[in-house]
Amino acid sequence: MKSILGIGNALTDILAILPDDSLLKEYHLPLGSMQHVDMETGDRIWSALKKVGVKYVPGGSAANTITCTSIFGMPSGYIGKIGDDELGQLFRSTMEQYGVRTTMLHSDKSSGRCMVFITGANAERTFADYMGAALEMGPEDLKPEYFEGYDYFHIEGYLVQNQDLIAKAVQMAREAGCIISIDMASYNVVESNDAFLHNLIDRYVDIVFANESECRAFTKKDDPVESLRELATHCEIAALKVGKDGSWVKSRDEEIYIPAWPATPIDGTGAGDTYAAGFLYAHSLGLPLKVCGEVGSIIAAKVVEVVGTKIDVPRWRTAKLEIRELIEKANA
Ligand SMILES: Nc1ncnc2c1ncn2[C@@H]1O[C@H](COP(=O)(O)OP(=O)(O)OP(=O)(O)O)[C@@H](O)[C@H]1O
Ligand SMILES: [Mg+2]
């Protein structure tokens with residue numbers, strides 16, 4: 001089986017269900033917003049949430065994707081940076097429980113976390129992020145041996161803000177002979193790193209995952225299919241995700257629409273990350289483009305049926321059966 005290495009911000013979600021919005025007011029967090037906070041504020045918020053009761057879920061986009069490829073059975077590795085603290089230990093041990101081979105770098109700063117305030121009858125989410133150690137990862141941290149032996153290298157788009165880090169990482173991944181993929185992560189990342197991202201994708205990236213707003217920001221084309229076509233001129237394979245409407249994949253003269261796999265969605269978190277995992281897993285088996293997109297859609301349809309990013313065991317079982325059937329049909 002081919003192997004995959006991912007790199008990303010090692011962040012842990014700290015989720016708290018709150019009786020009212022008094023803590024939001026106390027920390028000046030507008031309902032539904034996402035704010036970056038400094039270490040001091042981050043620590044104060046965390047202590048306040050602890051009193052109410054919290055749930056810890058290690059994550060981050062690439063970490064979610066890599067956990068998923070590991071469950072599929074691909075030898076999977078992860079590079080990220082944590083602090084010398086319990087949250088960092090939890091991140092590492094959770095990844096390792098899923099069979100991921102971790103290369104955790106260490107910083108003096110405390111581990112990055114995303115504090116999620118869940119309030120009101122509709123379980124509205126308000127976020128306070130403290131990036132901490134994750135933001136300290138730099139080019140000097142990377143060593144060629146981290147990449148050796150891997151067939152795929154997957155980058156979380158949020159890291160593109162650290163251009164020196166990514167420039168060095170893709171160089172090393174290329175030298176190790178990896179197929180390189182990126183998930184564009186967010187349209188603001190794309191907008192604020194336009195020239196760098198174009199150069200990166202043109203020169204190094206083989207497979208690009210983008211949703212509509214990311215693809216539009218990259219190509220400056222409003223029509224989704226036109227933007228997909230434009231994106232595909234920059235890489236070997238372009239995948240455009242359109243939520244409940246499915247996805248489009250394009251490679252050279254092949255262009256395929258893939259409907260979403262049936263699901264009863266309750267929370268879209270993690271759909272993009274798991275789609276990438278399913279797609280890359282199928283690609284690593286040498287399956288046709290259409291099947292890669294379908295495998296991505298099957299696994300993404302499972303994550304939207306659960307709250308958060310972790311698919312439960314029964315759904316994993318169903319997904320693996322559905323995927324096996326699909327692959328058997330493709331090979332028949
Ligand atoms: N409601 C849904 N029902 C079934 N499948 C879905 C649903 N929402 C998303 N998916 C699947 O997940 C894939 C990725 O979702 P989406 O288009 O939301 O990506 P994204 O914007 O990158 O997501 P994320 O918010 O996780 O970053 C879709 O292409 C589709 O196959
Ligand atoms: Mg996404």
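How many bridges join strand 7 to strand 8, and do the two run parallel or antiparallel? In this predicted model, seven bridges join them, and the two strands, with strand 7 covering residues 112–119, run antiparallel. One of the paired positions is Met115, whose bridge partner in strand 8 is Ala128. Strands 7 and 8 form a hairpin with four residues between them. Within the turn, Gly120 has a positive phi of about 80°.

Before following these strands further, it helps to look at the chain as a whole. Its secondary structure comes to 12 helices and 14 strands. The C-alpha atoms fill a box of roughly 55 × 45 × 40 Å along the principal axes. The radius of gyration is 19 Å, which agrees with the value near 20 Å that a compact globule of 332 residues would have. Of the 332 residues, 47% are buried. Among contacts with a separation of 6 or more, 74% are between residues 24 or more positions apart.

The hairpin belongs to an open sheet of five strands. Their order is 3-8-7-2-4, and the pairing is mixed. Strand 3 and strand 4 (55–59) are the edge strands, each of which pairs on one side only. On average, neighbouring strands in this sheet are turned by 20° against each other, direction ignored. At one edge, strand 3 (residues 34–36) runs parallel to strand 8 (residues 124–130), and three bridges join the two. Here Met34 has Phe127 of strand 8 as its bridge partner. Towards the other edge, strand 2 (residues 11–17) and strand 4 run antiparallel and are joined by five bridges. Ile14 finds its bridge partner in Tyr56 of strand 4.

Strand 3 is also the place of His36. Is this residue buried or exposed? His36 is exposed, because 12 other C-beta atoms lie within 10 Å of its own, and a count of 12 or fewer is the cut-off for that class. Leaving aside neighbours within four places in sequence, His36 is in contact with Asp129 and Met131. Ile207, by contrast, is 171 residues away along the chain, and the C-alpha atoms of His36 and Ile207 are separated by 30 Å.

A second open sheet is built from nine strands. The order is 6-5-1-9-10-11-12-13-14, again with mixed pairing. Its edge strands, each pairing on one side only, are strand 6 (101–107) and strand 14 (254–258). Neighbouring strands of this sheet are turned by 15° against each other on average, direction ignored.

Strand 9 offers a good place to enter this sheet. On one side, four bridges join strand 9 (residues 152–156) to strand 1 (residues 4–7), and these two run parallel. In this pair, Leu5 stands opposite Phe153. Strand 9 is also joined by five bridges to strand 10 (residues 179–183), and this pair runs parallel too. His154 has Ser181 of strand 10 as its bridge partner.

Why is strand 9 described as largely enclosed by the rest of the structure? Five of its five residues are buried, so the description follows. In a regular strand the side chains alternate between the two faces of the sheet. In strand 9, Tyr152, His154 and Glu156 point one way, while Phe153 and Ile155 point the other way, and all are buried.

Helices are found against this sheet as well. Helix 9 (residues 224–232) lies across strand 11 (207–211), strand 12 (237–241) and strand 13 (247–251), and runs at about 35° to strand 13. Helix 11 packs on the sheet too, touching strand 12, strand 13 and strand 14. The direction of helix 11 makes about 25° with that of strand 14.

The last feature to consider is the site of ligand 1. It is surrounded by 21 residues, of which Asn211, Lys241, Ala271, Gly272 and Ala300 are the closest. Helix 10 (271–284) and helix 11 (289–303) are the elements that give two or more residues to this shell. Which element gives the most to the shell around ligand 1? That element is helix 10, with four residues. By class, the shell holds 10 nonpolar, eight polar and three charged residues.

Notes. Residues numbered from 1 in each chain as written. Chains lettered and ligands numbered in written order. Predicted model: local features only at pLDDT ≥ 70, side-chain atom pairs only at ≥ 80, totals over all residues. Rg over C-alpha atoms; globule rule 2.2 N^0.38 Å. Buried ≥ 20, exposed ≤ 12 C-beta atoms within 10 Å, placed from the backbone. Contact = placed C-beta atoms within 7 Å. Near = placed C-beta within 6 Å. Nonpolar A, V, L, I, M, F, W, Y, C, P; charged D, E, K, R; others polar. Pairing = 2+ DSSP bridges. Axes fitted to C-alpha atoms, helices over the stretch in contact; angles between N-to-C directions.
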